[in-house]
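Subject: Structure handover

Hi,

As promised, here is the structure for you to look through. My notes on it come right after.

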Amino acid sequence: MMGLARWMACGWQQGEAYFWAVAHDLPIDMTLPRALRLQQLVQPLQALMEGERSGWANLANAAAAVFSAAGWHWVGFYVVDQAEDNLVLGPFQGSVACTRLFRGKGVCAAAWEHNETQVVPNVHDFPGHVACSSASLSEVVLPVCNAAGEVVAVWDIDSAKADDFSAADVEALEALTAAVSTMWDAWTWTR
Ligand code: SME
């Protein structure tokens with residue numbers, strides 16, 4: 001009963017056992033290479049997000065899922081603040097980060113303004129890189145788009161190792177980002 005109650009509270013609709021696997025012990029094989037672990041995450045994360053309408057809750061779980069599955073040191077979202085025309089810190093896992101990022105400065109802004117994934121093998125080589133943490137040596141930032149194709153957020157992933165994102169990692173992260181983008185318009189942001 002306790003399991004069922006928690007399943008219902010979390011909005012999971014396709015099987016209690018599966019919910020437990022997703023929420024408490026990600027259904028991925030941690031012995032696999034990282035890119036394969038990320039690929040394994042796409043379907044369960046999609047299913048988890050389908051059960052919840054809060055965009056904040058879904059971004060929080062998406063960040064936590066990738067953080068736990070991959071081991072990179074910072075994983076999180078910056079959301080486009082249309083009124084202020086900048087990016088504001090959203091749900092993340094990792095150390096305290098810059099709360100606002102501005103047009104024309106840094107990797108996140110580049111992903112936002114060019115609507116293009118930015119893969120940065122060495123952050124010191126990226127002009128204008130914003131160093132929220134001196135521990136970050138490489139990073140990837142992926143644009144999240146609404147159904148109209150507008151960038152509504154970016155997904156920022158930082159590594160403490162240089163050149164730490166393989167093509168396969170980026171491909172898997174793009175699949176995860178596509179899942180977030182596809183659902184974006186169905187989400188609410190007030191609660
Ligand atoms: N490095 C990013 C800023 C965000 S933090 O890394 C969390 C950038 O250059 O936009």
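Below is what I found, going from the whole chain to the ligand, the cysteines, one strand and one helix residue.

**The chain as a whole**

Please keep in mind that this is a predicted model. The chain has 191 residues, and 46% of them are buried. Its secondary structure amounts to 6 helices and 6 strands, and reading along the sequence gives the pattern α-α-α-α-β-β-β-α-β-β-β-α. Of the contacts with a separation of 6 or more, 52% are between residues 24 or more positions apart. About 9300 Å² of the chain is exposed, with carbon and sulfur atoms supplying 55% of that area.

**The ligand**

You will probably want to start here. The ligand is surrounded by Trp 74, Tyr 78, Leu 101, Gly 106, Val 107, Cys 108, His 129, Val 130, Cys 132, Glu 139, Asp 156 and Asp 158. Three polar distances to ligand oxygen atoms may be useful to you:

- Asp 158: a polar side-chain atom lies 2.7 Å from a ligand oxygen.
- Cys 108: a backbone N or O atom is 2.9 Å from a ligand oxygen.
- Asp 156: an N or O atom of the side chain is 3.5 Å from a ligand oxygen.

On its own the ligand has 310 Å² of accessible area, and the protein covers 99% of it.

**The cysteines**

There is 1 disulfide by the distance rule. Cys 98 and Cys 132 form it, with their sulfur atoms 2.2 Å apart, and the link is left-handed, at -130 degrees about the S-S bond. It joins distant parts of the chain: Cys 98 sits in the loop between strands E2 (86-93) and E3 (100-101), while Cys 132 sits in the loop between E4 and E5, 34 residues apart. Both partners are partly exposed: Cys 98 has a relative accessibility of 22%, and Cys 132 has 33%.

Why does Cys 108 form no bond with Cys 132, which holds the closest cysteine sulfur? The two sulfur atoms are 7.4 Å apart, and a disulfide needs them within 2.5 Å, so the distance is too far for a bond. Cys 108 is also buried, because its relative accessible area of 6% is under the 20% cut-off. Cys 145 counts as buried too, at 15% relative accessibility.

**Strand E5 and its partners**

Cys 145 also belongs to strand E5 (residues 138-145), where 8 of 8 residues are buried. Ser 138, Val 140, Leu 142 and Val 144 point one way from E5, whereas Glu 139, Val 141, Pro 143 and Cys 145 point the other way. That fits the general rule that side chains in a regular strand alternate between the two faces of the sheet.

E5 pairs in the antiparallel sense with strand E4 (residues 118-120) over 3 bridges, and Val 140 of E5 is the bridge partner of Val 119. E5 also pairs in the antiparallel sense with strand E6 (residues 151-159), over 8 bridges. Val 141 stands opposite Asp 156 in E6, and Asp 156 is one of the residues around the ligand. The hairpin of E5 and E6 has 5 residues between the strands, and Gly 149 there takes a positive phi near 85 degrees.

**One helix residue**

Finally, have a look at Asn 58 in helix H4 (residues 55-70). Asn 58 counts as buried because its relative accessibility is 2%. Leaving aside residues up to four places away in sequence, Asn 58 touches Leu 48, Met 49, Glu 52, Arg 53 and Trp 187.

Best wishes

Technical notes: Residues numbered from 1 in each chain as written. Predicted model: local features only at pLDDT ≥ 70, side-chain atom pairs only at ≥ 80, totals over all residues. Heavy atoms only, no water. Helix = DSSP H or I, 4+ residues; strand = E, 2+ residues; numbered from the N terminus. Buried < 20%, exposed > 50% of the residue type's maximum accessible area, 1.4 Å probe, protein only. Contact = heavy atoms within 4.5 Å. Pairing = 2+ DSSP bridges. Areas by Shrake-Rupley, 256 points an atom, 1.4 Å probe, with all protein chains shown as cover. Near = heavy atom within 4 Å. Polar contact = N/O pair within 3.5 Å; in protein donor to acceptor, adjacent residues only side chain to side chain.
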